[in-house]
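Please look over the sequence and the model below before reading on. The report goes from one site to the next, and it helps to find each residue in the structure as it is named.

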Amino acid sequence: AKAAGKRQWCRYRHALQAGLVERHELNESLDTAIAESAFALYYQPIVDLVSGDLVAFEALVRWPHERRGMVLPEEFISLAEESGQIVPLGAWVLEQAAAEAAAWQRLSSGRRTAGGRRPLRVSVNVSARQFRDASFVDQVRQVVDTTGIHPGSLILELTESVLMRRDERVRTDMKTLGDLGVRIAIDDFGTGYSSLSYLREFPISVLKIDKSFIDGLGLSQQQYALVEGITRIADTLGVQVIAEGIENTAQRHLLASMGCPLGQGYLFARPLTVEQARILVQDDAEL
Ligand code: C2E
Ligand code: CA
Ligand code: CA
Ligand code: CA
């Protein structure tokens with residue numbers, strides 16, 4: 001038994017070392033990728049659940065890698081957060097997404113004149129580590145200035161972990177961003193240490209309900225009641241709700257009927273390439 005235990009430990013240590021080596025390699029190639037801006041942003045449509053009108057896109061990062069193929073964020077975001085590489089990576093994402101949104105606004109401005117729709121928005125994920133970086137707010141200001149995006153069209157998706165630290169910096173930064181006219185969303189709402197009090201403590205304009213709640217919508221009365229309750233409270237506070245991960249029409253109709261105005265999910269579209277997204281914008285598509 002002792003020998004078996006030892007063999008097992010050796011295997012374990014081996015795996016651990018392999019993991020470390022792999023991690024190190026990944027960190028190094030991330031460095032190179034950051035230096036070369038070798039990432040790609042995909043854009044997932046956010047739509048009006050009743051009309052199907054396109055109202056925004058969420059920017060989602062990918063890493064096209066010669067050996068690994070298209071690497072998804074789950075494989076490198078947390079690593080980049082631990083190493084701090086998320087700061088330059090996130091800066092690239094923000095700038096890229098804002099510039100693209102400014103381009104959509106130009107593409108569609110000729111078509112939507114009198115009585116037209118509001119300009120398309122872009123929603124960008126910001127990790128806690130990135131938000132805490134001292135230069136974050138300046139960076140947002142600079143991106144707004146240089147890209148010409150309408151600040152109200154830029155949504156920054158923060159997770160609850162940012163708001164949990166109710167320190168002075170978070171408060172003043174949120175206020176400055178609000179004054180800039182940029183919108184702040186709470187992402188993955190309901191999965192962390194959610195507190196509805198964030199909605200009155202901070203200038204929050206959007207609340208994104210996590211996919212895990214949407215999954216159970218048609219299946220459980222409780223899930224339904226929970227989502228409906230969140231939607232009502234948000235509505236009362238003037239906060240817009242976006243439901244994530246809508247995969248079927250039943251979910252879409254349940255959400256629309258409870259007064260949740262906006263959503264995204266594979267039912268409408270998967271994350272799209274820049275070119276695909278532009279075609280939707282140009283065609284003024286309904287989904
Ligand atoms: P998230 O912010 O919750 O983004 C939604 C994720 O759900 C995306 O995965 C999206 O492709 C996926 N999704 C959307 N609709 C559906 C659906 O109907 N069904 C299913 N099964 N999935 C759906 P993705 O692109 O792999 O991103 C995963 C996570 O990585 C994101 O979760 C976000 O937390 C993070 N992430 C992505 N891009 C960035 C970024 O630029 N910066 C930072 N800090 N994090 C990012
Ligand atoms: Ca998000
Ligand atoms: Ca989510
Ligand atoms: Ca998220």
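The sections below describe the metal sites, the ligand, the aromatic rings and a few single residues.

## The calcium ion (ligand 2)

This is a predicted model, and the description starts with the calcium ion (ligand 2), whose protein donors are E58 (OE), N125 (OD1), E157 (OE), D187 (OD) and D187 (OD), at 2.1 to 3.1 Å from the ion. Along the sequence the residues that supply these donors follow the spacing E-x66-N-x31-E-x29-D. The pair of E58 and N125 links distant parts of the chain, since E58 belongs to strand β2 (residues 54–65) and N125 to strand β4 (residues 121–125), 67 residues apart.

What arrangement do the six donor atoms around the calcium ion (ligand 2) make? The angles they subtend run from 45 to 171 degrees, and the arrangement is therefore irregular. As a point of reference, the ideal angles for six octahedral donors at a metal are 90 or 180 degrees. The donor residues also differ in how far they are covered: E58 counts as buried because its relative accessibility is 5%, whereas N125, with a relative accessible area of 30%, is partly exposed.

## The calcium ions (ligand 3) and (ligand 4)

The calcium ion (ligand 3) has as its protein donors D188 (OD), D210 (OD), E244 (OE) and E244 (OE), which lie 2.2 to 3.0 Å from the ion. Their spacing along the chain is D-x21-D-x33-E. Here, too, the pair of D188 and D210 links distant parts of the chain, with D188 in strand β6 (residues 183–189) and D210 in the loop between β7 (206–209) and α9 (211–215), 22 residues apart. D210 has a relative accessible area of 13% and is buried, while D188, at 25% relative accessibility, counts as partly exposed. The calcium ion (ligand 3) is separated from the calcium ion (ligand 2) by 5.7 Å.

For the calcium ion (ligand 4), the protein donors are D187 (OD) and D188 (OD), at 2.6 to 2.7 Å from the ion. Which residue bridges the calcium ion (ligand 4) and the calcium ion (ligand 2)? That residue is D187, and the two ions it bridges lie 4.0 Å apart. D187 is buried, its relative accessible area being 6%.

## Ligand 1

There are 21 residues around ligand 1, and those that come nearest are Q44, R62, D187, E247 and Y266. D187 thus appears again, having already been named as a donor of the calcium ion (ligand 4).

Several side chains place an N or O atom at a short listed distance from an oxygen atom of ligand 1: for N125 the distance is 3.1 Å, for D188 it is 3.2 Å, and for E244 it is 3.2 Å. On its own, ligand 1 has 800 Å² of accessible area, and the protein covers 81% of this.

## Aromatic rings

How many aromatic pairs does a search of the whole structure find? The search finds nine. One of them is formed by F57 and W104, a tilted pair with 4.5 Å from centre to centre and 45 degrees between the planes. Because F57 lies in strand β2 and W104 in helix α3 (residues 86–109), this pair ties together parts that are 47 residues apart in sequence. F57 counts as buried, at 0% relative accessibility, and W104 also counts as buried, at 0%.

Other aromatic residues are grouped as well, for F39, W63, F76 and W92 form one aromatic cluster.

## Single residues to look for

Most residues other than glycine have a negative phi. S37, however, has a positive phi, near 45 degrees, although it is a residue other than glycine; it lies in the loop between α1 (2–35) and β1 (40–48) and, at 35% relative accessibility, counts as partly exposed. D284 is not a glycine either, and its phi is positive at about 55 degrees. D284 is placed in the segment after α12 (274–283) and counts as partly exposed at 23% relative accessibility.

R200 is found in helix α8 (residues 198–201), and its relative accessibility of 67% means that R200 counts as exposed. R200 and T236 are 36 residues apart in sequence, and from C-alpha to C-alpha they are 11 Å apart in space.

Notes:
Residues are numbered from 1 along each chain as its sequence is written. Chains are lettered from A and ligands numbered from 1 in the order in which they are written. This is a predicted model: local features need pLDDT of at least 70, side-chain atom pairs count only at pLDDT 80 or more; totals for chains, interfaces and linings use all residues. Side-chain values use heavy atoms; hydrogens and water are left out. Donors are N, O and S atoms within 2.8 Å of the metal (3.2 Å for Na, K and Ca); water is not among the atoms, so sites may look incomplete. Four donors count as tetrahedral if all angles lie between 85 and 135 degrees; four count as square planar and six as octahedral if opposite donors are over 155 degrees apart and all others between 65 and 115; anything else is irregular. Helices (H or I, at least four residues) and strands (E, at least two) are DSSP runs, numbered from the N terminus. Buried means under 20% relative accessible area, exposed over 50%, partly exposed in between (1.4 Å probe, protein chains only). A residue is near a molecule or strand if one of its heavy atoms lies within 4 Å of it. A polar contact is a pair of N or O atoms within 3.5 Å; within protein, one must be able to donate a hydrogen and the other to accept it, and residues adjacent in sequence count only if both atoms are side-chain atoms. Accessible areas come from the Shrake-Rupley method with a 1.4 Å probe; for residues, only the protein chains shown count as cover. Rings of Phe, Tyr and Trp (its six-membered ring) pair if their centres lie within 6.5 Å; planes under 30 degrees apart count as stacked, over 60 as edge-to-face and the rest as tilted.
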